[in-house]
Structure formats: structure tokens, C-alpha cells
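Hi everyone, thanks for making time this morning. I'd like to walk you through one model and how its parts sit together. Let me put it up on the screen.

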Protein chains: 2
Amino acid sequence: MPKYQEIANILRTRIKNKTYPPDSLLPNQTDLVEEFGVSRMTVKKAIGILAMEGLVYSQRGAGTKILNHPFLKKDTTALTVYEGLSTEMGKAGRKLVSQVIDFQVEFPDQTIQEKLMLTEEQPIYSIVRLRILEDQPFILEYTYMPVHLVPNLTRGHLESSIYRYVKEELGVQFAGAYRTIAADKSTAYDQQYLDCKADDPVLEIEQIVYQKNGSPIEFSRSRNRYDVRAYSYLDVQH
Amino acid sequence: MPKYQEIANILRTRIKNKTYPPDSLLPNQTDLVEEFGVSRMTVKKAIGILAMEGLVYSQRGAGTKILNHPFLKKDTTALTVYEGLSTEMGKAGRKLVSQVIDFQVEFPDQTIQEKLMLTEEQPIYSIVRLRILEDQPFILEYTYMPVHLVPNLTRGHLESSIYRYVKEELGVQFAGAYRTIAADKSTAYDQQYLDCKADDPVLEIEQIVYQKNGSPIEFSRSRNRYDVRAYSYLDVQH
DNA sequence: GAGTGGTCTAGACCACTCG
DNA sequence: GAGTGGTCTAGACCACTCG
């Protein structure tokens, strides 16, 4: 692990345990250079990480201030990094079960060809799963992935965690995701699986997940029960 | 403007006009050092900006690749930086009208005290506006701002752009925002102003906007017609 | 083994804030 | 004017990718 990461971790710990209390100033960069025995560029890089996380704000001439946003108390980190729903819920200590409703291999239609940058001859997995959180159905999820990028996918993976298989066993690295969030009326299909009423809306999240090499590896549409799931995130300006 | 910004701008232009085509490699950092007559750290910082924007992906040993994400073609930049709806729509060349439904000064209730970090004696503006895009009502927006942070706000500002007044005339700098997005059933009030049907859902976006010094300056809830507005953004991992 | 980007140093100059 | 963080340099070493 690079030095600037280690230093960022140490400083983050001190902020979280109030060694550096909110609204106070971080020691200046020269002092941190002395404490950690590194160059100033390295200290600055460490502080830059904390600034990206919204923990501190540096101002030329005035020092680096510890911020006190209410979202420090919330668990938003899980939402900004793509790691799959199972992993996210596992970290939060909540029990997620995935019930496989459909699992097919087929040729992609036009929409999916575009989203996943495929030709019509490149087969895809088409997966429908109901995600059940602590015995309550809450997301109906349609997932499409190119077969050649995710070989040997099994029903077992779908029931535990696709993300873990793709990342840990296939060694795929994710670059990020493009998401669109919208409200929609529930369909009869939604109502059946999500166990919701005819006039209940759903929150729909569409996402395309990209690998680090730039090719899309997943397109999914998830239909969320409106009363169970909202989507939160922190948008820090740089 | 710092050198690394200038270089990033030049490289971004070359990517957008395909001087560096998608899937090709950027010239290596040593060559760019020669071309621009700067040190390698400066070149690296410029490339870092493009990587944050999702335009390129650098890999140790292999070079820096120009990515070809479909969202290069979409206009998502406006959505990741807080600049107010009027400014956003203005840039897209669309005509936005804001109709002021209510404009009051009052003491904050418990919720707003918490969101804006205020005491119950610190007065706030309470604003309700209907945002009309090209003659179609599409957002009903409730905005709350502390009076002491936004002195002399007038009805005129509400009708044009609060953001422009706060930023340009008051000189406030924004650090970012915390947002929560959810689906909800429409209320009678929504239906009246948004001109939607009883079983139409709405997309609700709650946001707290922070100043660079860390204090919240705005809390708002916007109720969006579900068939007109979705919310998109790019989530790049770092 | 050649070429690549990632990290790090030790210093410098400067713009900015604050009392 | 003293102290702060932002930028920049010219070099170094290294981990990694690729043929």
C-alpha cells in the first residue's frame, strides 16, 4: 500500500474518533511532513483523498478544516462503490436472499446490443431475480451480461452473488457505472413478485457497469418497492 | 489557470474531436512532457482529471487508453455539478419558467433545524415553486434556506435563479450536495400543480447543499412528474 | 528486456488568509 | 508580515505489461 494511502487512513481514523474534532483545523502540511517523515507532495495527496470523501476542506492560506456533515453518520459509502447488492447488505449486517425467477441464454435484442456494445450474434445471459431482504421482497431485478465475459455462470452464483464470482473468481476489475433513476407505475408482474398494491409506484434503477478496460459487462434494470428503498449519495465538487 | 488544467483541456479537446480516437492509447507521459514542456508530475495530474471524468483509463505498464463510453455522447456533466435547475436547462437550450406559489419567512420546524443545522430561533425562507419547462409543469419544489446566509432574497430571484443570486451576487462557494432519490405516490397537491393523474407516481429528490466552509445552505424536496424527468449520473471508481 | 505509468523526494515560488 | 496550502520541477526507483 502506498504511503499516501496509509497516511490517509491514519488521518481518517483520527477524524472519525474525534482526535481532530469537527470544525477544527488539521495540523498544517509541514507538521504532517515531520510527523510522518515523508515529503509534502505525499501529505498533500493523502489530504486530497479525504477531501474527495467530503471529510475535510482545504483552503489556500487558511488551512484544512475538518467538516461535520450529517452524512458522516450515515452509511453512504456502500452506495457510491459498485459491489453488488449482496455485498452491500452483508456489510450492513442484513440478510439478503436471491430467488432466481428466470435464467436463460439468448441473443440480445437491439436495446441490449447498444447498452452492452454487442453484435446480434454475441449471446447474453438473461436473468430475472427477486431480491428478498429479511423475508420481505423488495427488488425485482433484470440482469443482462455477455456470455463471453462471464463464462460458466451457474444458478448457484445467481443465488449467492454474481458480483463476487465475477470479481473474485474471474478477476474482473470494475471501472464504474452509469445509472439512471426514475419512478414508474408498477406492472402486474411487479405487483405479483414485490407483493405490492396496484397503485403503488416503483423506483427503477437502470445501470450499465463498465470494466476497467472500457467494455460494459452488465446492464440491469431493478424495480424497487417504493416504500422500502431510496437511493442516496454524496456529490462532492472538485 | 494552472498548467495541469490547461493541458487537461487540450487533451480533452483532442479526445472529443477524435484526434485521439476511442480505444487508442494516449501518447505516453514522457512524450507529453516533451510536447508541453512541463514536468511529468504535471502531465500526470492533467491525465488524472480526464480519468476522473471517465474519459481515459491508465494502467501501469500498459499506457493510457481512450475510453468509448456511450455516456460521452450524453449530457451528464450538468447533473453532477450543482448549479441549479435554471442554469442546467439554460445550458441545454431549454426554456424554464419558475412560478412562485408561496414565499414565506418563518422559524424552522424540527426536521429543517436538523437538516440545515439551525436552532429554532434562526429564521428560514420557505419557498414553493412550480418549475415549468417549455410550457409543461414538471417539478413542484419546496426549498428552505437560512435567512442569515441568503440576505435580501426577493421574489425576483425566485422567478429567475436563486443559484445565480447566491453564487454570483453573494459570492457563496458550494462544496457539494447530499441527495436522496425515491419514488412516491402523488398527493392531491402534486396532481393539481403538476397536472398529473391520481395514479401517477412522482420522483422525489431531496437534497442538502453545502457551502465550502461546511455549513448547509439549502434543503429542498422536489416532486418530479414521473414521465418527464429521470435522474442520471456517472459513478467512476477511484 | 523495453516501455509504461505509479510513487516519492527535496526543494522552490507563489497566491491567499488573517490579524 | 507570518503562516497557510497550491503548483511545479527534475530527478529517482519501482511494479507492471507485453511480446
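Let's begin with helix α3 of chain A: this helix gives the largest share of the surface near DNA strand C, with four residues. Before we go further, please keep in mind that this is a predicted model.

So who else is around strand C? In total, 24 residues surround DNA strand C, and the closest are A:K3, A:Y4, A:T42, B:N28 and B:R40. Sugar and phosphate make up 63% of the strand C atoms that come within 4 Å of the protein.

Now for some individual contacts. A:K3 uses its backbone here: an N or O atom of that backbone lies 2.4 Å from a phosphate oxygen of DNA strand C. With A:Y4, a polar side-chain atom is 2.3 Å from a phosphate oxygen of DNA strand C. B:R40 goes to a base, with a side-chain N or O atom 2.6 Å from a base nitrogen of DNA strand C. As for the elements giving two or more residues to this surface, chain A has α1 (3-16) and α3 (40-52), while chain B has α3 (40-52), β1 (56-59) and β2 (63-66). If you like to think in residue classes, the surface near strand C holds six nonpolar, 11 polar and seven charged residues.

Let's turn to the other strand. Which residues are closest to DNA strand D? They are A:N28, A:R40, B:K3, B:Y4 and B:T42, out of 24 residues that surround the strand. Of the strand D atoms within 4 Å of the protein, 64% belong to sugar or phosphate, and the rest belong to bases.

Again, a few contacts. On chain A, a polar side-chain atom of A:N28 is 2.4 Å from a phosphate oxygen of DNA strand D. A:R40 has a side-chain N or O atom 2.5 Å from a base nitrogen of DNA strand D. Over on chain B, a polar side-chain atom of B:T42 sits 2.6 Å from a phosphate oxygen of DNA strand D. Here α3(B) gives the most to the surface, with four residues. By class, the surface near strand D divides into six nonpolar, 11 polar and seven charged residues.

One last stop, in chain B. Helix α8 covers residues 162-169, and B:I162, B:Y163, B:Y165 and B:V166 in this helix are buried. After α8(B) comes B:G171, with a positive phi near 75 degrees.

That's my tour; I'm happy to take questions.

Methods:
Residues numbered from 1 in each chain as written. Chains lettered and ligands numbered in written order. Predicted model: local features only at pLDDT ≥ 70, side-chain atom pairs only at ≥ 80, totals over all residues. Heavy atoms only, no water. Buried < 20%, exposed > 50% of the residue type's maximum accessible area, 1.4 Å probe, protein only. Near = heavy atom within 4 Å. Polar contact = N/O pair within 3.5 Å; in protein donor to acceptor, adjacent residues only side chain to side chain. Nonpolar A, V, L, I, M, F, W, Y, C, P; charged D, E, K, R; others polar.
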